[in-house]
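Welcome! Could you walk me through this structure, telling me what to select in the viewer and what I will find there?

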Amino acid sequence: PGLTLTPAQATTSRGIDILENIAEASLLGGGRVSAFKGRQQALIKQTADTLAETFGARATPVEVGQFFQGAVKQNREAFHAAAKSLYGEVDRLIPSTSTPSGMPSNLVDLRALKAEASAILKKRGALPKSLSSELGQQILTDLSNLADQTTFANAQMMRSQLLKGGRAKELADIEGGLSKKFAGVLDEAMEGAARNLSGEAAEAWRSANAFYRSGVEQFNNRFIQSLMEKAPEKVADSIFQRGGVTLIRQARAASPEEAFRQVQGAFLRKELFDPMTGDLYTGRQLHQKLFSRTGIGSESLDAGLGNDVRRKLQGLAEALEITQGRQGEGTGKMFIQLKQAGAAMEVAGGALALTQGPSATNLTIMLAPVAISRIFTNPTAIQWLTTGITLGPGTAAGSRALAQLSAFALKEMSAPRERPAVEALTP
């Protein structure tokens, strides 16, 4: 928004390309065109900065990764606490009828779990103390010594801890494997006990179990587990990949909104700005990184940043490509540079020799590009010129636009100019 293109940028006219080259290469008019294009680049960079800032303050990839991993861990712990509460509601709704202690009769049966743990211990036999911890000896011993029954809430808490142990990087492979194995055994025991439920207790079980299953898929899928184990600085790059729509959705679902926004911001800044210089990448580079066959692609950008941001990125890359591209014709530049070399010599020589000054032809060569540069950098004149070229002089609107442009050009040509400093033209 607010970006005005020069006529050569806005049209495909060969003649306009030549005229803009003449203005840009001229001694007196080139500065105006260069300044205009410099303002274009500054506006585009400001737009890119603003877009990146919508995703939060700048942070290093390490900070972003650590924040994301910590937030997912907190979300997962909150999920398990909520699941325990829901399973506790199942326990509350089960009638207390048959056990002498007044505990519900529909308890989770742990005898199969205990028997399996005891069988593994027996098969192993005695182990040296130095090896017992790495081989999960304590886990097996604790499980074999459990009571025969427990409540749904306690069973859920044990299942959560076993799953947590299966994810823990500090545990040996055997310990992690045992944790996962017995989490599955406990899951089957809870399912078996639930088949005896009825009424409100059965309904509460279905609600608690649906919540738990969705959370397991959300927090314990392989991709999220791999993100939690990665070096923090690699998190954002691991989430945003070409063809990685599912991975992006999983990361978004597992993390709080603020944490994912940090990841979005880190990715966006990495794609927009050169990390070494802080400069905005060129339009061609942005197109290559984002939208080419080897770039991340529109589908992943839509999933990760949203359709609106993806469209803004496309517009940004296109604006950069248009404004950074050179006009296709070099003739105008070569002509004006060669002509002005002689014209400048005459102007300088005439001033030094106190002659009557340069000829009318050479003065026109010197000053006409100034008028062209004013036309090519004036938003209203640009609009007249592009409208006239696009619609053509055969249409009423095109003819009117070209007439307005002609009046503007004559005014610019006849306007008094400051005499250039002699030293600036002296070879």
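## A tour around one tyrosine

Start by selecting Y87 and Y212: both are buried. Keep in mind along the way that this model is predicted.

Turn to the two rings. Y87 and Y212 make an edge-to-face aromatic pair, with 6.4 Å from centre to centre and 70° between the planes. Colour helix α4, home of Y87, and helix α10, home of Y212; the pair ties together parts that are 125 residues apart in sequence.

Now add F79. How do the rings of F79 and Y212 sit, stacked or edge-to-face? Their centres are 6.1 Å apart and their planes meet at 20°, so this pair is stacked. F79 belongs to helix α4 (residues 61-93) and Y212 to helix α10 (residues 199-219), so the pair links parts 133 residues apart in sequence. F79 has a relative accessibility of 6% and counts as buried because the cut-off is under 20%. Y212, at 3%, counts as buried too.

Widen the selection to F79, Y87, F152, W205, F211, Y212 and F219, which form one aromatic cluster. The structure holds eight aromatic pairs.

Next, show R159. Its charged end sits over the ring of Y212, 3.6 Å from the ring centre.

From R159, step across to D187, which lies in helix α9 (residues 173-194). Which residues does D187 contact, leaving aside its neighbours within four places in sequence? They are R159, Y212 and R213. Zoom in on R213: its side chain makes a polar contact of 2.9 Å with the side chain of D187. D187 has a relative accessible area of 17%, so it is buried.

Pull back for the largest nonpolar core, a set of 78 residues. Select F152, I239 and L313, the members that touch the most others. Helix α9 gives this core its largest share, nine residues. In general, nonpolar side chains tend to be buried together in soluble globular proteins.

Last stop: helix α14, residues 257-272. From first C-alpha to last, its 16 residues reach 22 Å, close to the 22 Å expected at 1.5 Å a residue. Is helix α14 mostly covered or mostly open, and how many of its 16 residues are buried? It is mostly covered, with 12 of the 16 buried. Try clicking through some of the buried residues, among them A259, F260, V263, F267 and L272. Charged residues are included as well: R269 and E271 of α14 are buried.

How values were computed
Residues numbered from 1 in each chain as written. Predicted model: local features only at pLDDT ≥ 70, side-chain atom pairs only at ≥ 80, totals over all residues. Heavy atoms only, no water. Helix = DSSP H or I, 4+ residues; strand = E, 2+ residues; numbered from the N terminus. Buried < 20%, exposed > 50% of the residue type's maximum accessible area, 1.4 Å probe, protein only. Polar contact = N/O pair within 3.5 Å; in protein donor to acceptor, adjacent residues only side chain to side chain. Contact = heavy atoms within 4.5 Å. Core = buried A, V, L, I, M, F, W, Y, C linked by side-chain atoms within 4.5 Å. Expected span 1.5 Å × (residues − 1). Phe/Tyr/Trp six-rings, centres within 6.5 Å; stacked < 30°, edge-to-face > 60°. Lys NZ or Arg CZ within 6 Å of the ring centre and 35° of its normal.
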